[in-house]
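Subject: Structure handover

Hello,

Here is the structure I promised to pass on. Please open it first, then read the notes below.

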Amino acid sequence: MTELAGKRALITGAGSGIGLAIAKAYAEEGASLFLSDINPKRVEDAVAAIEAMGGKATGGVTDVADSAAAKAMVDAAVTHFGALDILVNNAGILDDLYPVADTSDEMWNRVMGVNINGAFYVSRAAIPPMIAAGGGIIVNTLSISSFLGGRGGATYTVSKHAILGLTKAIAVTYADDGIRCNGISPGSVETNISTGEGWPPLGRKLREKGLATRPTRAKPEDIAPVAVFLASDRARYVNGANIVADAGWTAY
Ligand code: NAD
């Protein structure tokens, strides 16, 4: 399969779950990868996994919530490849379903720092080299919490609404520069994002309500093909879109 042959992709949060599945799917399609994660062991294992598949990958450890580090990561990827064709803003953390009144400043700043500031910092650094190269593709991992109020806690919900806004702003602003920016909204996916332990009572109540209509959880590999499509030329007319991959959870 060679749908992304010759393409050079940077993926954040690539060491686990959806990011790792996207990395594997992109490698299967012939892309060269720069894999980034805050967890050094996960980066190392992800690069090894891609190489074991016969794919091309290098990696680096970056906290995307750190503005300077995010810029340095993009610069390193551009230097490594010569240019960047695809950016996947995937790194994200959950807020353990804390409601507004129980959300600490620390929780708010930490979750917003990764989920929206991080995507902003990385996109801001990646767009100029993409424009200089004649265009590029940005794929953001959103969530059904990008448009619903009860599938995450307060901070997660706000951060995911915000990254949907970022997706649309980039799509509209840079369409004439050859940049497409789209999002994927997974429903519930089996990953390492949360154990469900330590959630507050209101969060547990919210979860119980959601469970009543939740379809079978996805595997990360169920989400990755959407990211392949959005990065491919088949999606050349798709820009500013939010593709929901939730087995119908939000249609219920
Ligand atoms: P995951 O925890 O398995 O993977 C996330 C990865 O991001 C981890 O490897 C983690 O080390 C990394 N990461 C965390 N903070 C980081 C930081 N500051 N800088 C760089 N990397 C960091 O979780 P996942 O479920 O695969 O999450 C990936 C994305 O999918 C997130 O944006 C999440 O909000 C979104 N999402 C997940 C689900 C779900 O049900 N799992 C549903 C909808 C959306």
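Which element gives the most to the lining of the largest cavity? The answer is α4, with five residues. Keep in mind throughout that this is a predicted model.

**The cavity**

The count comes to one cavity of 30 Å³ or more. The largest cavity has a volume of about 60 Å³. It is lined by 13 residues, and Asn89, Asn90, Ala91, Val114 and Ala119 are the closest to its centre. Two helices, α4 (105-132) and α5, each supply at least two residues of this lining. By class, the cavity lining has six nonpolar, six polar and one charged residues.

**The ligand**

Next, look at the ligand. The space it takes is the largest pocket. The elements that give two or more residues to the shell around the ligand are α1 (17-28) and α5 (154-174). In total, 28 residues surround the ligand. The closest of them are Ser16, Asp37, Tyr156, Val189 and Thr191. Sorted by class, the shell holds eleven nonpolar, 13 polar and four charged residues.

Three distances are worth checking on screen:

- Ser16 places a polar side-chain atom 2.6 Å from an oxygen atom of the ligand.
- Asp63 has a side-chain N or O atom 2.8 Å from a nitrogen atom of the ligand.
- Ile193 has a polar backbone atom 3.4 Å from an oxygen atom of the ligand.

How much of the ligand does the protein bury? Taken alone, the ligand exposes 820 Å², and the protein buries 93% of that.

**The largest pocket**

Now the pocket itself. The largest pocket has a volume of about 1000 Å³. Its lining counts 49 residues. Gly92, Leu94, Tyr156, Thr191 and Ile193 lie nearest its centre. Four elements, α1, β2 (32-37), α5 and α6 (201-211), give two or more residues to the lining. Of the elements, α6 gives the most to this lining, with four residues. The classes here are 18 nonpolar, 23 polar and eight charged.

Some names come up twice. Tyr156 and Thr191 are among the residues closest to the ligand, and both are also among those nearest the centre of the largest pocket. Ile193, too, is one of the residues nearest that centre, and its backbone supplies the 3.4 Å pair with the ligand.

**The second pocket**

What volume does the second largest pocket have? About 150 Å³ of space lies in it. Its lining is made of Met1, Ala21, Lys24, Ala25, Glu28, Glu29, Glu221, Ala224, Pro225 and Val228. Both α1 and α7 (220-231) supply at least two residues of that lining. By class, the lining has six nonpolar, no polar and four charged residues.

Helix α1 is a good place to start when you turn the model. It gives two or more residues to the shell around the ligand, to the lining of the largest pocket and to the lining of the second largest pocket. Then move to α5, which gives two or more residues to the ligand shell, to the lining of the largest pocket and to the lining of the largest cavity.

Over to you.

Best wishes

Note on methods: Residues are numbered from 1 along each chain as its sequence is written. This is a predicted model: local features need pLDDT of at least 70, side-chain atom pairs count only at pLDDT 80 or more; totals for chains, interfaces and linings use all residues. Side-chain values use heavy atoms; hydrogens and water are left out. A residue is near a molecule or strand if one of its heavy atoms lies within 4 Å of it. A polar contact is a pair of N or O atoms within 3.5 Å; within protein, one must be able to donate a hydrogen and the other to accept it, and residues adjacent in sequence count only if both atoms are side-chain atoms. Accessible areas come from the Shrake-Rupley method with a 1.4 Å probe; for residues, only the protein chains shown count as cover. On a 1 Å grid over the protein atoms alone, a cavity is a set of points where a 1.4 Å probe fits but cannot get out, and a pocket is an open set with protein on both sides within 12 Å along at least five of seven lines; lining residues have an atom within 4 Å of a point. A molecule sits in a cavity or pocket if more than half of its atoms lie within 2 Å of its grid points. Ala, Val, Leu, Ile, Met, Phe, Trp, Tyr, Cys and Pro count as nonpolar, Asp, Glu, Lys and Arg as charged, and the others, Gly among them, as polar. Grid points are joined across faces, edges and corners, and a volume is the space filled by probe spheres set on the points.
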